[in-house]
Amino acid sequence: MKTITVNPITRLEGHGKIEICLDDTGNVDRAFLQIPELRGFETFCLGRPAEEMPRITPRICGVCPTAHHLASSKCLDDLWKVEPPPAAKKLRELANSAFMNEDHFLHFFFLGGPDFVVGPEAPAAERNILGVIQKVGMEIAGKVIRVRREVRQMLETMMGKVIHPLFGLPGGVSRGITEEERQQFLETANFTLEFSQFALQLFEDVVLSKQAYVDLILSDAYTHKTYYMGLVDEDNHVNFYDGMVRVVDPEGLEFAKFHPRDYKEHIAEHVEPWSYVTFPFLKKVGWKGFVAGGESGVYRVAPLARLNAADGMATPLAQAAYEQFFDVMGGKPAHGTLAYHWARLVEALYAAERMKELLEDPEITSTEIRTLPTQTPDEGVAITEAPRGTLIHNYWTDGNGILTQVNLIVATNHNAAPIAMSVEKAAKAMIKDGEVSEGLLNMVEMAFRSYDPCHACATHALGKMPLEARVYDKAHRLLHVCRK
Amino acid sequence: METIESAVVGLGNPIRKDDAVGLVVARAVCRHLEGKRNAHLIEATSCGLHLIERLVGYGRAVVIDAIQSDAGVPGEYYRIDVQASMAEEAPAMTHQIGLLEGLVLARRIGMDVPAYLRVYAMEVADPHSYGEGLTEAVRLAVPRLTAVILSAEFGMQSKPVTLAG
C-alpha cells in the first residue's frame, strides 16, 4: 500500500485489471480485460421516468458523458416515436461532432501521441505529454489546450454543462443557438479545422516519416484481422450521429447493414463462467473464442473500425486523409491496432469539417427545435458513435414512460474481446516459461492504449486509474502482479 | 472579503454511493462560506485536464474526494499536500490523466492555475455500487471533515475535531 504524501492510493476493484492465464508449460494461454459491471447501472435506472436517462446516463462516466447524453436523447425519440425537427438533429450532431473532435485530441496528444512522438523505446518518464511538448514545442501544447477549451466552451453554451449536459429532450433539444453564438462557434470551428489539419501533418512528420514507426504499426504483434462495425450514412460514409450500422468482414466486404432497432438480431453476448463481463460478438458468425479471422464473430469498433466499415468520409479534407491512410496501411481494411491513433486524427478532421458545415447551415439557428411526443412509449433503441466506439441504448417502459428494462452496450464492451486478444498477443511476447518480463506492461499498454478503454469509473484526484496485470497458472493460482 | 478567489472542488460521481462524498462535503463547506469568504463551489466528476481548465483564474483550490486504501477505515480522512512533480509514466487511458499530470502540464505552459492546492480525501466503504446516498460511517463523518476544512483552509472555527492520518 502506498502512503499518502504524493503517491496515490489506488482503487483496484474492476479498474483496468488485466488477467493473464498460463498453461501447463508456463506460457500464455489466455488474457482478459476486466471491465466493471454495468448491470448495476441498468438496475439502478428501473422504476425511473425514461426522460431522466439523458440526465442519468452521462453519470456513467465523467470522460464521455456527452456521448451517452446524445445516445439517450435519440433513444427517447424512438421510445416515444417522435421525430425531432431538422434543426434539433443538426444541433445534436453539432454537439456530437464537437465532442468527438476535442476528445480525440485529448487522447492523441496525451495518450497515443507520446508512444510515437517520443518513441516507444523512450524512458517511461519521457513518454507523456510533457515529453511530447519537449519534442514539438510549448506552442503546440498551448494550441491543444486552446482548441479543447474553446470547443468545450461552445458545448457548455449549447448544452448548459459539458460534463452533465442539459440539452437533449424526447423530440428535440432544450435550447437553440443565436446568430451571435453561431458566428462565435464558427470561429471555433475554423480554428479546430486548422488545428486538425496541423495534427495530421504532425503525424506525418513525426510518425510516417520514420519507417520504424510504420513497421511497428504494420507489425504482426499489433495486428488482428477482425470484423469491423460503425455507423454510416446513405452513401456509406462515416457518420457519428445517425444512419445504419454497417459491418465489414476481415477482407473488407460488407457483411451486414442494419437499422439500430435490429441490433439484437446481429449482436449477441458471450458469457465466460469466470467473469461477469460479457463479450459481444456477431450472432450470424458465432462465438469461436478469443480469435480473429472470418470464422470468428469477434468485431471491433471505434476510429479504426469506423474507417474500415465505411466507404469514405463525407467531407473533402477528411476524405483525402482517409485515402492517404489506407494507401499507407496497404489497402482496406487496415488491421493494425496502433493505427487507431492515426484514424483518430482523420476522424477529428472530419468532425471539424462537419462542425463548420453545420454552422454554415442557415437552419442551425432555427427556433423550431422540438416536436412534442404524443405516442405511448414502449421500447426505444438508439445507436450513435462515441469517441471509443458504437454506443447502444435500449429502453423499455410501461405506458407511463417508467423504465422496466434497460440495456446498454458501450464501446469498450464491444471491444472487450479484441482488447483481450491484443493484450494476449503482447503478453505472449513477454511471458515465457512462467517468467514475466519487466517490459510486460509497456507492450501491453501500447495495445491497450490504442483502444482507450472507457470504464464506468469513479473519479480520482491524485490517484490514477490503475492498470494491473495479474498472471495466473493453470489452476488459477496468482503467480505475479504487475501494477502501475 | 479576501481578494484571492478560492475554488472548493467536490470531486465525485453522484450516483455511485460513497463516491459522492467529495460533492457532499464541498457543498457543505460552501454553504458555510457563503457571504463570508471569496470561495466558489466547483462540482466535478472528472479530473485531469477537465478539472484543470475549470481552475484557471483561481488563486487557491481545495479538492475533496473519496479514497480507498488497503487499511483505511471508512470515515477517516487525509490532508494531502500536493507536490506537483513530473508524471513518471504515460497513462494507458484517458482516466489515468490525474490532477498531478494536469497541474504539471498547466504550469509548464503558463496557465493561470492555483499556486496553492490541497486535497482532502475521505476513506469510503463503497464507491462503486450504483445508488444514491452515502454509507453510514461516511455520512456520519461529513460534518467532521467539513469543520476541519473550514478551520484549516478558511480560518472558520467550529467544533474541534481530530484529524486522522
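In what pattern do helices and strands follow one another along the sequence of chain B? Select chain B and follow the chain from its start: the pattern is β-α-β-α-β-β-α-β-α. The structure on display is a predicted model.

**Stop 1: chain B as a whole**

Keep chain B selected and colour the chain by secondary structure. The view should show 4 helices and 5 strands. Chain B has 165 residues, of which 55% count as buried. Consider next the contacts in chain B between residues at least 6 apart in sequence: 75% of these join residues at least 24 apart.

**Stop 2: the sheet of chain B**

Select the strands of chain B. They include an open sheet of 5 strands in the order β2-β1-β3-β5-β4, with mixed pairing. Which strands stand at the edges? They are β2 (39-44) and β4 (77-81) of chain B; each has a single partner strand, so one side of each is left without a neighbour in the sheet. On average, neighbouring strands of this sheet are turned by 20° against each other, direction ignored.

Narrow the selection to β4(B) and to β5 of chain B, residues 116-123. These two strands run antiparallel and are joined by 5 bridges. To find one bridge, select Ile80(B), whose partner in β5(B) is Val119(B).

Now add residues 136-154 of chain B, which form helix α4. Helix α4 of chain B packs on the sheet and touches β3 (60-67), β4 and β5 of chain B. The direction of this helix makes about 160° with that of β5(B).

**Stop 3: the domains of chain A**

Move to chain A and colour it by domain. Domain 1 covers 17-37 + 438-483, domain 2 covers 83-223 + 336-372, and domain 3 covers 224-331. Between domain 2 of chain A and domain 3 of chain A, the C-alpha centres lie 21 Å apart.

Display the contact between these two domains: 24 residues of domain 2 of chain A are in contact with 18 residues of domain 3 of chain A. Which elements give two or more residues to the domain 2 side? They are α4 (86-117), α7 (179-208) and α12 (340-359) of chain A. The most comes from α12(A), with 11 residues. By residue type, the side of domain 2 of chain A that touches domain 3 of chain A divides into 11 nonpolar, 6 polar and 7 charged residues.

**Stop 4: the largest nonpolar core**

The largest nonpolar core has 197 residues. Select Ala95(A), Val247(A), Val346(A), Val423(A), Val9(B) and Met122(B), which touch the most other members of this core. The element that gives the most to the core is α4(A), with 16 residues.

Centre the view on Val346(A). Leaving aside neighbours within four places in sequence, Val346(A) is in contact with Leu307(A), Ala318(A), Ala321(A), Tyr322(A) and Phe325(A).

**Stop 5: a sheet of chain A**

Select β11, β12 and β13 of chain A. They form an open sheet of 3 strands in the order β11-β12-β13, with antiparallel pairing. The edges are held by β11 (379-386) and β13 (403-409) of chain A, each with a single partner strand, so one side of each is left without a neighbour in the sheet. Neighbouring strands here are turned by 10° against each other on average, direction ignored.

Follow the pairing strand by strand. A hairpin of 2 residues joins β11(A) to β12(A), and these strands pair in the antiparallel sense over 8 bridges. Within this pair, Ala382(A) stands opposite His393(A) in β12(A). On the other side, β12 (residues 389-397) of chain A is joined to β13(A) by 6 bridges, again antiparallel. Tyr395(A) has Val406(A) in β13(A) as its bridge partner.

Add helix α3 (residues 65-79) of chain A, which packs on the sheet and touches β11 and β12 of chain A. The direction of helix α3 makes about 150° with that of β11(A).

**Stop 6: Glu379(A)**

Of the 8 residues of β11(A), 7 are buried. Select Glu379(A), which lies in this strand. Is Glu379(A) buried or partly exposed? Glu379(A) counts as partly exposed because it has 14 C-beta neighbours inside 10 Å. Not counting residues up to four places away in sequence, Glu379(A) touches Leu79(A) and Trp396(A).

For a last view, show Glu379(A) together with Gly176(A). The two are 203 residues apart in sequence and 28 Å apart in space, C-alpha to C-alpha.

Note on methods:
Residues are numbered from 1 along each chain as its sequence is written. Chains are lettered from A and ligands numbered from 1 in the order in which they are written. This is a predicted model: local features need pLDDT of at least 70, side-chain atom pairs count only at pLDDT 80 or more; totals for chains, interfaces and linings use all residues. A residue is buried if 20 or more other C-beta atoms lie within 10 Å of its own, exposed if 12 or fewer, and partly exposed in between; C-beta atoms are placed from the backbone. Two residues are in contact if their C-beta atoms, placed from the backbone, lie within 7 Å. Domain bounds come from an automatic or database domain assignment. Ala, Val, Leu, Ile, Met, Phe, Trp, Tyr, Cys and Pro count as nonpolar, Asp, Glu, Lys and Arg as charged, and the others, Gly among them, as polar. Two strands pair if DSSP finds at least two bridges between them. Axes are lines fitted to C-alpha atoms, for helices over the stretch in contact, and angles run from 0 to 180 degrees between N-to-C directions. A nonpolar core is a set of buried Ala, Val, Leu, Ile, Met, Phe, Trp, Tyr and Cys residues joined through C-beta atoms within 7 Å.
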